[in-house]
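Good morning, and thank you for making time for this presentation. I should like to take you through one structure, step by step. Please look at the sequence and the model as they appear.

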Amino acid sequence: MADETTARAWLATAVAEARAGLAEGGIPIGAALYGPDGTVLGRGHNRRVQDGDPSMHAETAAFRAAGRQRTYRGTTMVTTLSPCWYCSGLVRQFGISRVVIGEAVTFHGGHDWLAEHGVEIVVLDDAECVALMRDFIEKNPALWNEDIGD
């Protein structure tokens with residue numbers, strides 16, 4: 001990861017995806033997978049509602065959009081929200097080197113566990129990401145609880 005400026009620029013891609021998901025009637029979580037050279041390999045947003053698929057989280061969508069890679073070493077998963085255990089497992093399974101997180105205020109997922117296992121974690125505490133999730137959770141508590149498995 002070059003610096004916070006790069007992390008925030010990459011986060012903008014994930015935020016655009018989160019907004020697209022919200023506009024489709026879904027949960028506003030977005031993600032993007034960046035290669036070691038800074039190119040976007042894949043991007044996506046949570047599509048649980050739109051596709052009726054509980055496994056289609058934002059990180060999963062970005063990972064799938066990236067397609068098959070020889071290795072994921074040196075890649076960065078950028079996500080608007082701290083990754084849940086499912087998405088944290090994806091990061092560990094495939095050896096993604098770092099995770100840039102827009103916010104971990106509204107939901108504190110598995111990023112501490114990832115850090116304990118050598119994944120570089122960058123939490124940006126982005127005000128826009130926090131506001132987006134707080135507003136969604138306030139308006140859609142049942143849908144949010146379904147998404148996080150409560």
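Let me begin with a definition: a disulfide is a pair of cysteine sulfur atoms within 2.5 Å. Please also bear in mind that this is a predicted model.

With that cut-off in hand, how many disulfides does the count come to? The count comes to 0. Consider C84, whose closest cysteine sulfur belongs to C87. The two sulfurs are 3.8 Å apart, and because a disulfide requires a distance within 2.5 Å, this pair is too far apart for a bond. C129 is in no disulfide either, since the nearest cysteine sulfur, again that of C87, is 15 Å away under the same definition. As for their surroundings, C84 counts as buried, at 18% relative accessibility, and C129 is buried with a relative accessible area of 3%.

I turn now to the sheet. In which order do its strands stand? The 5 strands form an open sheet in the order β2-β1-β3-β4-β5, and the pairing is mixed. At the edges stand β2, residues 40-45, and β5; each has a single partner strand, so one side of each is left without a neighbour in the sheet. From one strand to the next, the twist averages 15 degrees.

The mixed pairing can be followed in two examples. Strand β1, residues 30-34, is joined to β3 by 4 bridges, and these strands run antiparallel. Within that part of the sheet, L33 stands opposite M77 in β3. Strand β4, residues 98-103, is joined to β5, residues 120-123, by 4 bridges as well, but here the strands run parallel. In this case V99 stands opposite I121 in β5. Between β4 and β5 the chain passes through helix α5, residues 111-116, and this β-α-β crossover is right-handed.

The β4 and β5 strands also bring us to the salt bridges, of which the count comes to 9. E120 forms one of them with R98, the closest N and O atoms being 3.0 Å apart. Because E120 lies in strand β5 and R98 in strand β4, the pair ties together parts that are 22 residues apart in sequence. E120 is partly exposed, with a relative accessible area of 35%, whereas R98 counts as buried, at 14% relative accessibility.

A second salt bridge lies within a helix. The side chains of D135 and K139 meet at 3.2 Å, N to O. What separates these two residues along helix α6? They are 4 residues apart in that helix, which means a separation of about one helical turn. D135 counts as partly exposed, at 36% relative accessibility, while K139 counts as exposed, at 58%.

D51 and R47 form a further salt bridge, in which the closest N and O atoms are 2.8 Å apart. D51 is partly exposed, with a relative accessible area of 38%, and R47 is partly exposed as well, with 24%. Finally on this topic, salt bridges link E4, R8 and D126 in a network.

Next, two loop residues. D125 lies in the loop between β5 and α6, the helix of residues 127-139. Most residues other than glycine have a negative phi. D125, however, has a positive phi of about 50 degrees although it is not a glycine. Is D125 buried or exposed? At 53% relative accessibility, D125 counts as exposed.

The other loop residue is G67, placed between α3, residues 58-66, and β3, residues 76-81. G67 is partly exposed, with a relative accessible area of 28%. The C-alpha atoms of G67 and T13 are separated by 18 Å, and the two residues are 54 residues apart along the chain.

Let me close with the annotation. An unreviewed UniProt entry lists residues 5-121 under "domain: CMP/dCMP-type deaminase". Over residues 5-121 the chain of this model is 41% helix and 21% strand. The C-alpha atoms at the two ends of that stretch are 15 Å apart.

Three points may be worth keeping in view as you look at the model again: the open sheet with its mixed pairing, the count of 9 salt bridges, and the count of 0 disulfides. Thank you for your attention.

Technical notes:
Residues are numbered from 1 along each chain as its sequence is written. This is a predicted model: local features need pLDDT of at least 70, side-chain atom pairs count only at pLDDT 80 or more; totals for chains, interfaces and linings use all residues. Side-chain values use heavy atoms; hydrogens and water are left out. Buried means under 20% relative accessible area, exposed over 50%, partly exposed in between (1.4 Å probe, protein chains only). UniProt positions are given in the numbering used here, feature names are shortened, and annotations may be inferred rather than shown by experiment. Two strands pair if DSSP finds at least two bridges between them. A crossover is right-handed if, with the strands pointing away from the viewer, the path from the first strand over the helix to the second runs clockwise. A salt bridge is a side-chain nitrogen of Lys or Arg within 4 Å of a carboxyl oxygen of Asp or Glu. Axes are lines fitted to C-alpha atoms, for helices over the stretch in contact, and angles run from 0 to 180 degrees between N-to-C directions.
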